[in-house]
Structures are given as structure tokens and as C-alpha cells.
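The following exercises concern strand pairing, burial and model confidence. Please work through each task before reading its solution.

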Amino acid sequence: MDRHPPQVPRTHASRGRSPGLRAGLAVILLSVAGSLCAQAILEGERHHPEQGRKGMVVTSHDLATDAALEVLKNDGNAVDAAVTAGFVLAVVQPRSGNIGGGGFMLFAPGDGGPVEAIDYREKAPAAATETMFQDNDGNAVPNRSRFTHLASGVPGTVAGLALALERHGTLSLPEALAPAIRLARDGFIVPARFTEGLEQARDRLQRWPASRATFYREDGSPWPPGERFRQPELAATLQRIADQGTRGFYEGKTARLIVEEMQRNDGLITAADLKDYQPSIRKPVRGTYRGYEVFSMSPPSSGGTHILQILNILEHYPLAELGHNAADTLHYMAEAMKLAYADRSKFLGDTDFVDVPLDGLLDKAYAAELRKNISVDKTRPASELQPGNPNAFESPETTHYSIVDRRGNAVSNTYTINFSYGSGITVTGAGFLLNNEMDDFSAKPGEPNAFGLIGGEANKVEPGKRMLSSMSPTVVRKNGRNFLVTGSPGGSRIITTTLQVILNVIDHNMNIQSAVDAPRMHHQWLPDAIFIEQGFSPDTLRLLEDRGHTVKTTNAMGAIQSVLIGEDGTLYGGADPRRSTSSAKGY
Ligand code: DON
């Protein structure tokens, strides 16, 4: 799983500044020529974000960035570019790019018009039941919701991207699919990260003959860096979408292959589940922070709600004065995060099925009430802290990309198959991986999911329901205009990662690249510890421990891809060095 990638923040392997420095080449360069020399060259660029005047694309893969930027240069808009990038990532980054999963897209028009959210999260199949992930004694069976055919929700990506294009795009679906089809059919040169990922997931994927045949060579080894990797079955699957629209996925041959895959392996997804799948247009959650407007994903994601809740709590503290990653600042952040994640465990779920007290959770008065629980000099143990009462105030891979076009239109998109390579199961004959998103439901109330997140009744499994997410595509506006476009993978850490980039920009006045690079912390109520990346001062950590915090160092958290729009309209891209294939390119 890539939620604990064996990487720490490091220099940029591919910043996409020079057209010649393609991801594969850059990675080979790093390993062959020795990292010291390459790092020295790249270090010099570290805190200068990629700039452009007319368009900016920031994704986790150079080939997706290139394809989307090409669309912008040909006068396509941000949604055209985003849909193109989504399909390309499904080809070049199978660990998270997908057509077998789902996600959320925020579209923020450049003229300041209403921000729209497209919810294309997977849904539980009609035959799903509340206890399907429990044994006869009522105990949760984690492997069932993670590594079997029962783990998959009905995929939403194809319908979601097609809907975005239909509502806001100018390209046809075949045009938006063309680069992806070409890369699947003709292949692409694999970067080291591609090989490393498949090596790590080898046992999990090779349990399934179709996954082995699709992603590995005959001797069972992954394609090494520098070799060309082709996916003819995936090319044909994508071509059917180009030829027949969404029906080319949700009906016809691809649907039949999915259903046969399910029937052979006791899965639940039926032809009717596929045919019935519809994405939803939602109103994003909206809040304010120090005069900025923050729009982010509403339920069935918890992400936007809790980013706003934490911002509401923190707004009271002079974070800029206290200092970036200073002990006081980190203490307040941790205490605020704990309160929000405790509420998440109880109140959040799919609003098509349960009432979520959103108005209360987002209310600044509720934040003020919660703030009374925060002491300056002592942490409050998680065990003493329970979900609050917002009703009283009723008034581990995923990938994110951010795109802005020359009219200032912004797209913030996060989509996923949950773990790296999802369930590990490839649809036989169709060449794509299925999600294991059902693990994001609560197998039973109080039981943690793979990310240690506790869920309640509100997030129990129900037929047709969407499982709770943390994905937080976010757009911040200043004086009514798009200002910051951001979001991240990272499971439970998505919320805190996205939050910290907002704080780094607004409170700590960092440029977007520095805001993305800066070492991050995370607290999710349970387990009761502050998780930190490398790069914090030991003195600071001692001060936190003095206040009663448990501090644990962890691997890199999140991979946030962001665009910032300067006052004069200059676009600044910040790609996350925590993923070696990340790239920001503008023109
Ligand atoms: O929707 C969610 O919150 C999770 N399924 C996301 C998983 C994730 O980010 C894994 N990646 N790093």
C-alpha cells in the first residue's frame, strides 16, 4: 500500500521545468548517474515554483501533466484537461489512476461563478448488507473488505469524467480519451516508481491470473525502468468508451466482463448495478478563513467538512506569530484535528442515506465551543475526548491533480481505487484494476478501517450507499476569485495534508512550492499520537512531549498537487516531491 511509502520528503526528481527532463529519464538519470549530482542540480530549483501565465497543470505523473497541458495549449479548458489527465493516469499510473474506482471533482469557474462538485464516488452494490464484512460471531473480517471481489464498490470514474466533460468541457469524449488510448496501445517508458510499486505489490497482485498477465512479464517480474509497457486490453476497454460513451463501460462487453469476473468469484456487482450507476452534482461545503473563502468536498466525503471545522478552530490563534511548525502551532493544530476526527467517527456518512449535522459542524460558534476544550500547555488525551454535539449549533493510493486554464477556470480532482492497486484484482479481459473502496465503510460501528479511521452507524454498509471518504479537492478564493487549487491522496491524512498547505500559504506566507514541500504532521484522534514526517526540530518535539503529546515519526504523508494564482494572474504550480513522478508544468 502506498499509504506508507518508503520515502521521505526529498528533492524533486521531476519538476517538469525542462521539456527534455521527462519523468522516466529523470528517474533513470537519478539512479544511474548517482543521486548526489542530480540532487545538486535540482536543489537549486527547490523553492521556485513552476510558473505560467496561461495554464498550469500539476499531477502525480509527468505523462498526465503533458497530455493535459497539450489540451490547454490547444485552447481546451480546465475540465477538458482534467478529464484527459484522469484517463491518462488510468493508463500510466495503475496504482491509483483508474477507471475501476471513483472520486470527486471540484470545478470553480474563473469568473467567480458558483463552485460545483461532481461526486463520482463508488456505490455499494444492491446486494450489499450491513454485516457483509463480519464473521458469524460479529467480528470484522478486514481481508474480506480489502482483497476479495466483495471489496469493490460500483465504479464511478467513467461516468464522473464523462459528466464533467458534458457539463463544462469543449472536447468530445473520444478526443479526451485519445491520449490515454494511445499510451495504452503503443505503451510508455516506465519510470522507476512504476517498477518499484509493482515489485512491492507482487504477491498481492499475482494471486489473480489477470493481474499477473496484465502487469508482469512472463517470468513474473515487473517491467524494469526504461522499458516500454503496453496494455492492449485496457486500450480496447477505453476504445469502447470512446465509441459508445459511458454505455461502452456500464453496458455491453466491459460490463459483461465485470459481471463475469464477479460471478466467478462470489462478488456482488451485477449488470443492473452498473447500468444504474449515476454520479451526483453536489454543492461543495463552503467556509471562510481569515478573509479567504474555502470550498471543498461535501459528504460523502468527510474531507471538506473537517478541513473547514479545523480552520474554524484555528482561526482564533495567531499562527503566523507563533511560527510555522513551532511547538505552540503544532499543539493547537493537533488539538483541533483530534476534535474534528472524533466528530468524523460519529456523524459523517452519505447524506443520501443519513442526516449529517453539516450546519453545526461548519458553524464558527460550534468551533468556539470546541476550542474551550483546548488548553495552552497540556494535551487532552484522546480517551477523554468524545464526539461533540454539533446538532446544538444547527443554524493508505489515491491521486490528486490541480489544473487552471487561461480563463482562470480551476479543477481540483481527487480519485482513487483506495489502496495502491485497489483490491489487486484485474477484470479478466478488460485490463483494469478494481477498487477496494468497500473498506471505507464501517465493517461494524467502532471498528477501524485500513487507515485506522473509526466509523459509526452513519457509515454502515447499505445497498446503493456511498462509503465515507476523506478526499478533499479544495479551491480557495480571495476577493471572489480563484486563488489556491489543492488536494492530496493519503487516506486519513488527506484532510490534514490539505489543511497544512492552506495554513502554509495563508498564515505562513509561503510560496506554493515551499508550502507543498514543508514537513507535515497529522493527528486523527485515534491512535492518540502526533505523526510527523522527518524534518522537525528535536527541540520542538521535546516541547510537545512536555505537554503530554506522544510523537511518532512516520514516512512521507500525502502527495499534494497545487496551483496558486497570483494577484497579477501569474500561475504558480507546486508538485509534491514525495512522489518521484510528480510534475508541475505551465505555459
Ligand atoms: O476515500 C478515501 O478517503 C480513501 N479511500 C482514500 C485512500 C487513499 O488516499 C490512499 N492513498 N494514499
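**Exercise 1.** Determine which residue of E11 stands opposite Ala 108, and identify the strands that pair with E11 in this predicted model.

*Solution.* Ala 108 faces Ala 410 of E11. The strand E3 (residues 102-108) is joined to E11 by seven bridges, and the two run antiparallel. E11 also pairs with strand E10 (residues 398-404), again through seven bridges in the antiparallel sense. Within that pairing, Tyr 401 has Asn 413 as its bridge partner. Five residues lie between the strands of the E10 and E11 hairpin, where Gly 408 adopts a positive phi near 85°.

**Exercise 2.** Establish why E11 is described as largely enclosed.

*Solution.* Sort the residues by direction: Ala 410, Ser 412, Thr 414 and Thr 416 point one way, whereas Val 411, Asn 413 and Tyr 415 point the other way. Residues of both sets are buried. Because seven of the seven residues of E11 (410-416) are buried, the strand is largely enclosed by the rest of the structure.

**Exercise 3.** Locate the buried residues of helix H19 (residues 364-371) and state what covers them.

*Solution.* The buried residues are Tyr 366, Ala 367, Leu 370 and Arg 371. Viewed down the axis of H19, they fall within an arc of 145°, so they line one face of the helix. Their cover includes helices H15 (303-314), H17 (327-347) and H18 (358-361). At the start of H19, a side-chain oxygen of Asp 363 comes within 2.7 Å of the backbone nitrogen of Ala 365.

**Exercise 4.** Report the confidence of the model.

*Solution.* The mean pLDDT is 91, and 91% of residues reach 70 or more. Over residues 1-45, however, the pLDDT is below 50.

Definitions and conventions: Residues numbered from 1 in each chain as written. Predicted model: local features only at pLDDT ≥ 70, side-chain atom pairs only at ≥ 80, totals over all residues. Heavy atoms only, no water. Buried < 20%, exposed > 50% of the residue type's maximum accessible area, 1.4 Å probe, protein only. Helix = DSSP H or I, 4+ residues; strand = E, 2+ residues; numbered from the N terminus. Arc of directions from axis to C-beta. Contact = heavy atoms within 4.5 Å. Polar contact = N/O pair within 3.5 Å; in protein donor to acceptor, adjacent residues only side chain to side chain. pLDDT = per-residue confidence, 0-100. Pairing = 2+ DSSP bridges.
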